[in-house]
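Here are some notes for a colleague who is opening this entry for the first time. Please keep the structure in view while reading the points in order.

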Amino acid sequence: MEEKIKLSPDSFQPLPREEELDNEKIAAPSLTFTQDAWRRLKKNKGAVISLFIIVIMVVVAFGSTPFIDNATLVKSAPNYANLPARIPGLDFINGLNGKLKVGGTWVNEYAQNGASDKYFWFGTDYLGRSLAQRIIYGTKISLIVALVATFFDLTIGVTYGIVSGWKGGKVDNVMQRIIEIISSVPNLVIVVLMLLVLKPGMTSIIAAIAISSWTTMARMIRAETLQLKSQEYVLAARTLGESPVKIALKHLVPNLSSIIIIQTMYTIPTAIFFEAFLSFIGIGISAPETSLGVLLNDGQKNFQFLPYQMWYPAIVLCVLMISFNLLGDGLRDAFDPKTRR
Amino acid sequence: MRKYLLKRILYMVLTLFLVATITFFLMKLMPGTPYSNQEKMTTAQIKIMNEQYGLNKPVWEQYVIYIFDMLHGDLGTSFQYSNQAVSYLISSRIGPSAQLGFQAMVFGLFFGIIIGSVAAINHNTWIDTTATVVSIIGKSVPNFVLAVLLQYYIALKLGWFPIADWGSFSYTVLPTIALGVGPLAETARFIRTGMVDVLNSDYIELARAKGLSKFGIVYHHALRNSLIPLVTLIGPYTVALMTGSMVIENIFSIPGIGEQFVKSILTNDYPTIMGVTMLFSVGLVLIILLTDIVYGIIDPRIRLAGNGD
């Protein structure tokens, strides 16, 4: 396994005296914890590309807000119904030039429907609405859901975990039992029950996420807090009479930050999946709003004849999920180099 | 051990009782009535229906009756299917769901373990990279998207398997794959990480020094030790399979619990929703308890920690 190195007296040379003085000097600038993690993250190609994709998706999705509102989403144009994708400059690629395979031959749907001057990048749906607009709006919904889940993870999850771990004893016991009860019902059943009580839509999805998404975070934070609690610096802070809130904010949270970041990155894909799943089975987002799950469900019905209506939202959803998963893995490796490889 | 077990079972019963209570009151808060889908009924008819289903009694009385009946295995009568007992509805549909769930679990664990160990043995080679990519994709592609794609390309275009419905084994293949890919990806990642650790440990070095074959080392020493923590993932997998079944059974029109659950939600069939919720919770709680016990048996280190709790 190991290479054999031949050693000869020439391999050794006495060090000049001056250099000994610099032995203690640290050549590289010292890095903070975050800088160090960032440096490691940058080396991970997958994570960097994912981060890039996510940033682009966020910019496009939220930047589109002034252009795509409810009015654009409901405006239908039956003349343009079910047109395939047509992107200017790509006239030579069947499927992206407005042609659709009908009965084995490629037919230019745009010419047939008198829309030769129109370009729908992702085609249109059964009511002639631009699929590109709808997908961007759907992505925005997914990202909002992700944001909301993160928010509850960071507020309820972290606070709950710290309080439970810090207080210990009876309080801890009761709090853990509550988590046990919440997590002994499959999450989606909770979501479904919430959706039934409130009416389907964004509010009920958010409420459902608020109830069910933070339990894993709380558990992990509690376990870590239990360990941190017995550290000397926490003991010192307590002895000096620091208030528990300040100890939590100044000593615990910074030391929990890597767990918090990593766990958040795992909550996000789960939340995005939740929303898409619910909308897909018809109890999530409903008209006039749309989401990737709704688009997938619509596309699925016509998949045999209009495959693009399912493929585009599916690709966007999968890319979004893959990006968050890869970034999550990258962040885990960056913040917790011990577990790496 | 016995004390620990008793405590766990007590908490389990308490949990299930609370779940039943919460579900019951949530159902009472639900907007709409079970009759809103029907044609216009006169108030007299609605009154008769309410009396028949016991909906005219005060809520607390309905609650007591509900809990009492449930303890006797009676989950009420479905609103949607006239006069069909929910327990009958569930028991007649549990077969396909259980079979599908079991197959998906076995499929996911089996291939996940193989992919994960192959990746770990060939650590940092192209095989490892491929396995990682496969598991990331398997984890990221939602199972309902995969189900639709499998159904179209494998069943409809290639005609290898039936498109939908439930019957012989060939009907179960595609739904099993669609449902099992999530656990497969998770298992592969998990096994890979664990195995890389184990392969670097001292006793593997010793086995190698003893001159054991590569297969012998992996099978007898590395795999067995990396399999232990996998037991803890069975609980989360069960959740994934339960929720997954809701949509997979719909896509492949399998007459199972998940399909029934979605149908009941869309038709406000409270007793069935409550029944299925309870079934899911009981199943999950039992499986978590079972895996905890098994984990303690196969890994004595955990048992010691558990007793201290």
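The points below go through the two chains, their contact, the core, the record annotations and a few single residues.

1. It should be said at the outset that this is a predicted model, and every value below is computed from it. Chain A has 341 residues, of which 39% are buried, and its secondary structure consists of 14 helices and 2 strands. Among the contacts in chain A between residues at least 6 apart in sequence, 70% join residues at least 24 apart.

2. Chain B has 309 residues, 38% of them buried, and it is built from 13 helices with 0 strands, so that a reader following the chain from the N terminus meets α elements throughout, as the definition of these elements has it. The C-alpha trace of chain B spans about 85 × 60 × 30 Å along its principal axes. Of the contacts in chain B with a separation of 6 or more, 73% are between residues 24 or more positions apart.

3. Which elements of chain A supply at least two residues each to the side that touches chain B? They are α7 (169-183), α8 (187-197), α12 (244-280), α13 (292-301) and α14 (308-335) of chain A, and the largest share, 8 residues, comes from α14(A). In the contact as a whole, 35 residues of chain A meet 34 residues of chain B. Sorted by class, the side of chain A that touches chain B holds 25 nonpolar, 6 polar and 4 charged residues.

4. The largest nonpolar core has 136 residues, and those with the most contacts inside it are Ile272(A), Phe277(A), Ala147(B) and Ala178(B). Helix α14(A) provides the largest share of this core, 15 residues, and α14(A) also gives the largest share of the side of chain A that touches chain B. If residues up to four places away in sequence are left aside, Ala147(B) touches Ala178(B), Ile248(B), Ile251(B) and Phe252(B).

5. Within chain B, one helix pair deserves a separate look. Helix α11 (residues 257-266) and helix α12 (residues 270-298) of chain B pack at an angle of about 140°, with their axes 9 Å apart, and α11(B) passes α12(B) in a left-handed crossing. From α11(B), the residues Ile257(B), Gln260(B), Phe261(B), Ser264(B) and Ile265(B) take part, and they meet Thr272(B), Ile273(B), Val276(B) and Leu279(B) of α12(B). This contact of α11(B) with α12(B) has 6 nonpolar, 3 polar and no charged residues.

6. For chain A, an unreviewed UniProt entry lists "transmembrane region" at residues 47-68, 141-166, 266-287 and 310-331. In the model, residues 47-68 of chain A are 77% helix and 0% strand, with the end C-alpha atoms 30 Å apart, whereas residues 266-287 of chain A are 68% helix and 0% strand, with the end C-alpha atoms 29 Å apart.

7. For chain B, the "transmembrane region" annotation of an unreviewed UniProt entry covers several spans, among them residues 133-154 and 166-185. Residues 133-154 of chain B are 91% helix and 0% strand, and the end C-alpha atoms are 22 Å apart; residues 166-185 of chain B are 85% helix and 0% strand, and there the end C-alpha atoms lie 26 Å apart. UniProt, again in an unreviewed entry, lists "domain: ABC transmembrane type-1" at residues 94-295 of chain B, a span that is 82% helix and 0% strand in the model and has its end C-alpha atoms 27 Å apart.

8. Two residues of chain B call for a check of the backbone. Asn124(B), in the loop between α4 (86-121) and α5 (126-140) of chain B, has a positive phi of about 65° although it is not a glycine. Ser253(B), in the loop between α10 (234-251) and α11 of chain B, is likewise not a glycine and has a positive phi of about 35°.

9. Are these two loop residues of chain B, Asn124(B) and Ser253(B), buried or exposed? Asn124(B) counts as exposed because it has 10 C-beta neighbours inside 10 Å, and Ser253(B) is exposed because 12 other C-beta atoms lie within 10 Å.

10. In chain A, Gln304(A) lies in the loop between α13 and α14, and it is exposed because it has 11 other C-beta atoms within 10 Å. Gln304(A) and Phe52(A) are 252 residues apart in sequence and 34 Å apart in space, C-alpha to C-alpha.

Note on methods. Residues are numbered from 1 along each chain as its sequence is written. Chains are lettered from A and ligands numbered from 1 in the order in which they are written. This is a predicted model: local features need pLDDT of at least 70, side-chain atom pairs count only at pLDDT 80 or more; totals for chains, interfaces and linings use all residues. Axes are lines fitted to C-alpha atoms, for helices over the stretch in contact, and angles run from 0 to 180 degrees between N-to-C directions. Helices (H or I, at least four residues) and strands (E, at least two) are DSSP runs, numbered from the N terminus. A crossing is left-handed if the near helix is turned anticlockwise from the far one by less than a right angle, and right-handed if clockwise. Two residues are in contact if their C-beta atoms, placed from the backbone, lie within 7 Å. Ala, Val, Leu, Ile, Met, Phe, Trp, Tyr, Cys and Pro count as nonpolar, Asp, Glu, Lys and Arg as charged, and the others, Gly among them, as polar. UniProt positions are given in the numbering used here, feature names are shortened, and annotations may be inferred rather than shown by experiment. A nonpolar core is a set of buried Ala, Val, Leu, Ile, Met, Phe, Trp, Tyr and Cys residues joined through C-beta atoms within 7 Å. A residue is buried if 20 or more other C-beta atoms lie within 10 Å of its own, exposed if 12 or fewer, and partly exposed in between; C-beta atoms are placed from the backbone.
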